[in-house]
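Please open the structure in the viewer and display the whole chain as a cartoon. The tour begins with the overall view and then turns to individual residues.

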Amino acid sequence: FYNTSVNASFGYKINKFNSIKFYSQLYDGERHFSLFSSSETRTKYKDFNTRNLLEWDAKKNAVTSNLKIAFLSEEYKYFGNINYDEFTYGKVATFMAKYSIAYHWNNKMTLNTVVDFNENKGYGTSIPKVKRTIASGSLLFTHELSTVFNYEISVKKEATASYKSPILFSVGTNLAPVSYYNLKFNFSRNYRIPTYNDLYWEQLGNPNLKAESSYQGEISNVFTFKKWRISGTVYRSKISDMIRWIPKGGGIINPENTAKVSIFG
């Protein structure tokens with residue numbers, strides 16, 4: 001193993017309401033893979049990554065806001081034979097921006113709005129030049145109705161050129177009628193688009209995959225007695241177009257969509 005990492009962090013308080021921070025990381029690594037026998041071909045893997053994040057925090061009266069802007073670059077090279085310069089590679093550049101603003105009506109109610117933007121540009125030995133852009137907006141409302149009951153509601157909508165996202169939501173509650181017992185409930189609609197590996201893994205990926213969506217609910221019971229804490233959770237999910245990697249024989253595994261899946265436990 002050969003690893004070099006350089007990290008830097010800076011912060012500046014503009015005034016009592018505003019501050020900015022900057023984080024940066026550079027990583028350069030090389031790894032020679034272990035062999036199962038002395039007759040195997042020696043291989044190695046190199047990767048070079050950079051991460052940079054600029055953050056602005058502002059807080060005044062009942063309003064707090066946070067802006068993050070980040071740029072990441074990731075690059076790898078895999079040498080199938082350590083004695084030759086031939087390699088396979090992959091590279092991706094990522095730009096991210098996220099802005100959140102929260103309004104606190106009082107110490108019991110908060111409304112938070114989040115706008116998010118993410119763009120990936122990648123290519124490699126087995127991947128053509130691909131660009132993926134995802135933008136989203138969400139609202140989150142939390143309310144402590146009393147000392148024994150609180151709840152939160154969130155709504156989110158994503159937009160991307162390749163997939164059409166439904167409106168996502170989540171509802172969660174927490175009831176504590178007595179000091180030793182908590183009842184928690186959560187219900188949500190979720191959505192997941194295929195990863196680059198799902199789509200473009202060399203000779204294995206499936207570029208025709210659909211995004212998967214699901215409904216999920218769970219109920220938890222939590223009992224606390226002095227130093228003991230016992231919890232039990234019941235959950236159930238209904239998934240459409242679930243992405244699963246399926247063995248096809250001959251050591252080949254490919255991802256495919258399964259129309260309907262139920263999971264419970």
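The stops below take the chain as a whole, then two residues in turn.

**Whole chain.** Please keep in mind that this is a predicted model. Select the protein chain and colour it by secondary structure: 1 helix and 13 strands are present. Followed from the N terminus, the order of elements is β-β-β-β-β-β-β-β-β-β-α-β-β-β. Along the principal axes, the C-alpha atoms fill a box of roughly 70 × 55 × 45 Å. The radius of gyration is 24 Å, whereas a compact globule of 265 residues would have one near 18 Å.

**Surface and charges.** Switch to a surface display; about 17,800 Å² is exposed, and carbon and sulfur atoms supply 57% of that area. Of the 265 residues, 27% count as buried. Next, select the charged side chains: the mean positions of the 34 positive and 21 negative charges lie 9 Å apart.

**Thr110.** Select strand β6, residues 109-124, and locate Thr110 within it. Is Thr110 buried or exposed? Thr110 is buried, because its relative accessible area of 19% falls under the 20% cut-off. Show the side chain of His104 as well, since a polar contact of 3.1 Å joins it to the side chain of Thr110. Beyond the residues up to four places away in sequence, Thr110 also touches Leu140, Phe141 and Thr142, among others.

**Ile263.** Move to strand β13, residues 252-264, which holds Ile263. Ile263 is partly exposed, with a relative accessible area of 31%. Display Tyr235, Arg236, Ser237, Ile239 and Met242, which Ile263 contacts outside its neighbours within four places in sequence. Finally, select Tyr27: the C-alpha atoms of Tyr27 and Ile263 are 40 Å apart, and the two residues are separated by 236 residues in sequence.

Key:
Residues numbered from 1 in each chain as written. Predicted model: local features only at pLDDT ≥ 70, side-chain atom pairs only at ≥ 80, totals over all residues. Heavy atoms only, no water. Helix = DSSP H or I, 4+ residues; strand = E, 2+ residues; numbered from the N terminus. Buried < 20%, exposed > 50% of the residue type's maximum accessible area, 1.4 Å probe, protein only. Polar contact = N/O pair within 3.5 Å; in protein donor to acceptor, adjacent residues only side chain to side chain. Contact = heavy atoms within 4.5 Å. Rg over C-alpha atoms; globule rule 2.2 N^0.38 Å. Areas by Shrake-Rupley, 256 points an atom, 1.4 Å probe, with all protein chains shown as cover. Lys, Arg positive; Asp, Glu negative; His and termini not counted. Charge placed at Lys NZ, Arg CZ, Asp CG, Glu CD.
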